[in-house]
Amino acid sequence: YQHRVGAAGHVFRVLDESGEHLKDASIVLGGREFHADESGEVLIPYSTRRGRKKIILKQGDIATLESFQHETEKYALRAGIYVDRESLLAGKTAPVIIRPTLVLNGRPVSLELLEDPKLTIKYVNQDGIVSVVEVGDLALQSDRESVHEVRVPKDLAQLTVQLRGRV
């Protein structure tokens, strides 16, 4: 078989002994049979427990025992966030530039999977007083940066910006 990891799980292509793609094959895992779609690929969803699993590759009356590494869903939200230091003038607005990437098991996936993205902005003034502002309803794009304007308070000593969300 050939195997790749997709956004919804493991995607298999079952092959015969000469390497030809068997588009009507199925795979049995844990007593459950997964059938090929229109393109001949078999999708097995991610597991809740990572580990080596035995599978049965089937086509008609022929079956073969194999194994594969069954992965769990591990999402990571990464973001490049930039604020130009020279734009941080008291009483003015400064653009916060955000370039997010959502990763599933080390591979980029669509930002459409990200629900309720929030930008948390933490201000610390010169007296050590902390103010936190949370911004929701962000329109994030995977092909370009998003910009959010922040109001710069007087006596700003430190600015921290964090992007969070749910999958």
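Ser131 sits in strand β12, where a strand is a DSSP run of E with at least two residues, numbered from the N terminus. The model is predicted: local features need pLDDT of at least 70, side-chain atom pairs count only at pLDDT 80 or more, and totals for chains, interfaces and linings use all residues. Residues are numbered from 1 along each chain as its sequence is written, and side-chain values use heavy atoms, with hydrogens and water left out.

With a relative accessibility of 38%, Ser131 is partly exposed. The classes used here are buried for under 20% relative accessible area, exposed for over 50%, and partly exposed in between, with a 1.4 Å probe and protein chains only. Leaving aside neighbours within four places in sequence, Ser131 is in contact with Ile121, Lys122 and Tyr123; contact means heavy atoms within 4.5 Å. From C-alpha to C-alpha, Ser131 and Thr48 are 39 Å apart in space, and 83 residues separate them in sequence.

Thr48 appears again in the surroundings of Thr72. Thr72 belongs to the loop between β7 and β8 (75-83). Is Thr72 buried or exposed? Thr72 counts as buried because its relative accessibility is 13%. Residues up to four places away in sequence not counted, Thr72 touches Tyr46, Ser47, Thr48, Arg49, Arg50 and Asn105.

**Positive phi angles**

Most residues other than glycine have a negative phi. Asn105 is not a glycine, yet its phi is positive, at about 50°. Asn105 lies in the loop between β9 (93-104) and β10 (107-109). This residue, Asn105, counts as partly exposed because its relative accessibility is 21%. Asp137 also has a positive phi, near 55°, in a residue other than glycine. The loop between β12 (130-135) and β13 (146-151) holds Asp137. Asp137 is exposed, with a relative accessible area of 81%.

**Two open sheets**

Two strands pair if DSSP finds at least two bridges between them. One open sheet has three strands in the order β1-β2-β5, with antiparallel pairing. Its edge strands, β1 (2-5) and β5 (42-45), each pair on one side only. From one strand to the next, the twist averages 25°; here axes are lines fitted to C-alpha atoms, for helices over the stretch in contact, and angles run from 0 to 180 degrees between N-to-C directions.

Another open sheet has four strands in the order β4-β3-β6-β7, again with antiparallel pairing. Its edge strands are β4 (32-35) and β7, each of which pairs on one side only. Neighbouring strands of this sheet are turned by 30° against each other on average, direction ignored.

The table lists strand pairs from these sheets.

| Strand pair | Sense | Bridges | Bridge partners |
|---|---|---|---|
| β1 and β2 (residues 9-13) | antiparallel | four bridges | His3 opposite Phe12 |
| β3 (residues 26-29) and β6 | antiparallel | three bridges | Ser26 and Lys58 |
| β6 and β7 | antiparallel | nine bridges | Lys54 and Ser67 |

The hairpin of β6 and β7 has two residues between the strands, and Gly60 there takes a positive phi near 65°.

**The largest pocket**

Rolling a probe the size of a water molecule over the atoms shows where empty space is left. On a 1 Å grid over the protein atoms alone, a cavity is a set of points where a 1.4 Å probe fits but cannot get out, whereas a pocket is an open set with protein on both sides within 12 Å along at least five of seven lines; lining residues have an atom within 4 Å of a point. The largest pocket holds about 210 Å³ of space. Grid points are joined across faces, edges and corners, and a volume is the space filled by probe spheres set on the points.

Which strands each supply at least two residues of the lining? They are β6 (51-59) and β7 (62-70). The lining includes Leu57, Lys58, Gln59, Ile62, Thr64 and Glu66. Tyr1, Val14, Leu15, Asp16, Glu17 and Leu22 also line the largest pocket. By class, the lining has six nonpolar, two polar and four charged residues. Nonpolar here covers Ala, Val, Leu, Ile, Met, Phe, Trp, Tyr, Cys and Pro; charged covers Asp, Glu, Lys and Arg; the others, Gly among them, count as polar.
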